[in-house]
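Please look over the sequence and the fold before reading on. The paragraphs below lead from one helix out to the whole chain and then to single residues.

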Amino acid sequence: MHFHFNPRLLHLAGPIFINAFGVFIALGVALFLWGILRDCRRKALVNHTIFLELLSSSVIWGIIFARLLYSIENIEYFTQNPLKLFAIWNGGFSLLGTLVGVPIILFYKLKHYKISPTPFFDLILTYVPAVQAISRIGCFCAGCCHGCTAASNAFFSITYTHPNSLAILNTPVY
């Protein structure tokens with residue numbers, strides 16, 4: 001199957017684009033927010049204002065940790081181009097960085113608000129898999145999370161052909 005999807009959905013200005021990856025992360029976060037704000041456990045555990053503060057700081061820290069892990073994974077590039085570290089509009093995030101870093105920050109923020117971490121994490125972990133699953137659609141569109149190369153007739157392979165794709169171009173991959 002050939003995949004000629006441009007990971008850049010919309011050009012805003014100069015080097016700034018709206019990328020499919022970011023759109024799918026935003027959709028995942030929106031679904032998370034929709035579900036958790038309606039959940040009666042959240043209403044009993046934490047008030048609306050504090051929850052929105054925790055969510056907004058988690059998004060900011062999530063971006064920081066995602067960029068940090070991506071930078072570590074690509075340390076050679078960023079040591080040669082240190083100012084590119086701040087060019088987040090060019091992409092370069094690792095969701096794993098978010099999944100590892102945000103719980104650490106949340107743990108300390110929950111202690112600050114005197115909210116028990118165990119029921120809070122139990123609540124949010126009901127919805128986190130949806131964010132991860134929807135974000136992976138963005139990875140698929142960007143071509144960033146492909147596997148190794150595949151035979152040209154492999155059934156479960158995909159060939160990325162768009163030059164903005166992060167995958168190996170014109171080569172079947174799993």
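A good place to begin is helix α3, whose buried residues are covered by a group of elements that includes α1 (20-38), α2 (40-45), α4 (75-80), α5 (95-112) and α6 (117-124). Helices here are DSSP runs of H or I with at least four residues, strands are runs of E with at least two, and both are numbered from the N terminus. The model is a predicted one, in which local features need pLDDT of at least 70 and side-chain atom pairs count only at pLDDT 80 or more, while totals for chains, interfaces and linings use all residues. Residues are numbered from 1 along each chain as its sequence is written, and side-chain values use heavy atoms, with hydrogens and water left out.

The residues of α3 that are buried are F51, L54, L55, S57, S58, G62, F65, A66, R67 and S71, where buried means under 20% relative accessible area, exposed means over 50%, and partly exposed lies in between, with a 1.4 Å probe and protein chains only. An α-helix has 3.6 residues a turn, so residues three or four places apart point the same way. The helix has 26 residues, which at 1.5 Å a residue should span 38 Å, and its end C-alpha atoms are 37 Å apart, which agrees; the expected span is 1.5 Å times one less than the number of residues. At the N-terminal end of α3, N47 acts as a cap, with a side-chain oxygen lying 3.0 Å from the backbone nitrogen of T49.

Stepping back to the whole protein, one counts seven helices and four strands, and from the N terminus on the elements run β-β-β-α-α-α-α-α-α-α-β. Taken along the principal axes, the C-alpha atoms fill a box of roughly 55 × 40 × 30 Å. Of the 174 residues, 33% are buried. Among contacts with a separation of 6 or more, 56% join residues 24 or more positions apart, a contact meaning heavy atoms within 4.5 Å.

The outer face comes next. The protein exposes about 10600 Å², of which carbon and sulfur atoms supply 70%; such areas come from the Shrake-Rupley method with a 1.4 Å probe, and for residues only the protein chains shown count as cover. On this surface, L9, L10, L12, I16, I18, V59, I63, I88 and W89 make a nonpolar patch of about 750 Å². Patches are made of residues with over 30% relative accessible area and no salt bridge, nonpolar side chains (Val, Leu, Ile, Met, Phe, Trp, Tyr) being joined within 5 Å and like charges within 9 Å. At least two residues of the nonpolar patch come from each of β2 (8-13), β3 (16-19) and α3 (48-73), and the largest share, three residues, is that of β2, the strand in which L12 is found.

How many salt bridges does the structure hold? There are three, each being a side-chain nitrogen of Lys or Arg within 4 Å of a carboxyl oxygen of Asp or Glu. D39, R41 and D122 are linked in a network of salt bridges. In this network, the closest N and O atoms of R41 and D39 are 3.0 Å apart, and those of D122 and R41 are 4.0 Å apart. Because D122 lies in helix α6 and R41 in helix α2, the pair ties together parts that are 81 residues apart in sequence. D39 is buried, with a relative accessible area of 10%, whereas R41, at 35%, counts as partly exposed. A further salt bridge joins the side chains of K109 and E53 at 3.2 Å, N to O; K109 lies in helix α5 and E53 in helix α3, so this pair ties together parts that are 56 residues apart in sequence.

Two single residues complete the tour. V173 lies in the segment after β4 (159-160) and, at 0% relative accessibility, counts as buried. Leaving aside neighbours within four places in sequence, V173 is in contact with residues that include H146, C148, F156, Y160 and I168. C145 is found in the loop between α7 (128-142) and β4, and with a relative accessible area of 46% C145 is partly exposed. Beyond neighbours within four places in sequence, C145 is in contact with R136 and C139.

Conventions
Polar contact = N/O pair within 3.5 Å; in protein donor to acceptor, adjacent residues only side chain to side chain.
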